[in-house]
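Thanks for asking me to look this one over. Could you open the model beside these notes as you read?

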Amino acid sequence: MKMHAGQVIDRFRIGGYDVTLRLPRRSDTQDLRFFINTLIDEGARIMLQRRVSLVEERRWLERHFKSMREGKEFYICIDIGGRVVGTLSMHRDHAPPTAS
């Protein structure tokens, strides 16, 4: 299936909020930067432990676009009210499956 930036995967309502699951787009850079920096400021247990700049976030997002085009990754933005409030990514396992 051919996918494009910002393509909507699903829409639903939960807890009084209209939620959209969609592919990222370049214009999400600022929201994604705010999201990761907020997690860092809150002391979340994530791999990244320092705040990121807008340039770093742009580069990070470009790497994800490339990985998605290559079929190595699927990345989804969780959008509420036009702002990214969360993300979900799935990565293809590069190791071939072994026989049991």
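The points below go from the overall fold to the helix packing, the pockets and two single residues.

1. A word on the source, to begin with: this is a predicted model. The protein has two helices and four strands, and along the sequence they are arranged as β-β-α-α-β-β. The two helices thus sit between two pairs of strands in that pattern.

2. On overall dimensions, the C-alpha trace spans about 45 × 35 × 25 Å along its principal axes. Of the 100 residues in the protein, 28% are buried. If you count contacts with a separation of 6 or more, 44% of them join residues 24 or more positions apart.

3. Next, the helix pair. Two packed helices are described by the angle between their axes and the distance between the axes. Here the axes of helix 1 and helix 2 come within 9 Å and cross at roughly 110°. An angle from 65 to 115 degrees counts as roughly perpendicular, so helix 1 and helix 2 are roughly perpendicular to each other.

4. Which residues make that contact between helix 1 and helix 2? Helix 1 brings Thr 29, Gln 30, Leu 32, Arg 33 and Ile 36, while helix 2 brings Leu 54, Glu 57, Arg 58, Trp 60 and Leu 61. Sorted by class, the contact has five nonpolar, two polar and three charged residues.

5. The largest pocket may be of interest to you. About 400 Å³ of space lies in it, and 19 residues line it. Nearest its centre are Ile 36, Leu 48, Glu 57, Trp 60 and His 64. Ile 36, Glu 57 and Trp 60 also appear in the contact of helix 1 with helix 2.

6. Where does the lining of the largest pocket come from? Helix 1 (29-41), helix 2 (54-69), strand 3 (73-80) and strand 4 (83-91) each supply at least two residues. Helix 2 gives the most, with six residues. By class, the lining of the largest pocket holds nine nonpolar, four polar and six charged residues.

7. The second largest pocket has a volume of about 340 Å³. It is lined by 14 residues, and Met 3, His 4, Leu 23, Met 68 and Arg 69 are the closest to its centre. Helix 2 and strand 3 are the elements that give two or more residues to this lining. The largest share, three residues, comes from helix 2. Eight nonpolar, two polar and four charged residues make up the lining of the second largest pocket.

8. Leu 48 deserves a look of its own. It is found in the loop between helix 1 and helix 2 and is among the residues nearest the centre of the largest pocket. Because its relative accessibility is 32%, Leu 48 counts as partly exposed. Leaving aside neighbours within four places in sequence, Leu 48 is in contact with Ile 36 and Ile 40. From Leu 48 to Asn 37, 11 residues apart in sequence, the C-alpha to C-alpha distance is 9.5 Å.

9. Last, Phe 35 in helix 1. Is Phe 35 buried or exposed? Neither, as it turns out: Phe 35 is partly exposed, with a relative accessible area of 22%, and buried would mean under 20%. Not counting residues up to four places away in sequence, Phe 35 touches Val 85, Gly 86 and Thr 87. Phe 35 and Glu 70 are 35 residues apart in sequence and 26 Å apart in space, C-alpha to C-alpha.

Methods:
Residues are numbered from 1 along each chain as its sequence is written. This is a predicted model: local features need pLDDT of at least 70, side-chain atom pairs count only at pLDDT 80 or more; totals for chains, interfaces and linings use all residues. Side-chain values use heavy atoms; hydrogens and water are left out. On a 1 Å grid over the protein atoms alone, a cavity is a set of points where a 1.4 Å probe fits but cannot get out, and a pocket is an open set with protein on both sides within 12 Å along at least five of seven lines; lining residues have an atom within 4 Å of a point. Grid points are joined across faces, edges and corners, and a volume is the space filled by probe spheres set on the points. Ala, Val, Leu, Ile, Met, Phe, Trp, Tyr, Cys and Pro count as nonpolar, Asp, Glu, Lys and Arg as charged, and the others, Gly among them, as polar. Axes are lines fitted to C-alpha atoms, for helices over the stretch in contact, and angles run from 0 to 180 degrees between N-to-C directions. Angles under 35 degrees count as roughly parallel, over 145 as roughly antiparallel, 65 to 115 as roughly perpendicular and the rest as oblique. Contact means heavy atoms within 4.5 Å. Buried means under 20% relative accessible area, exposed over 50%, partly exposed in between (1.4 Å probe, protein chains only).
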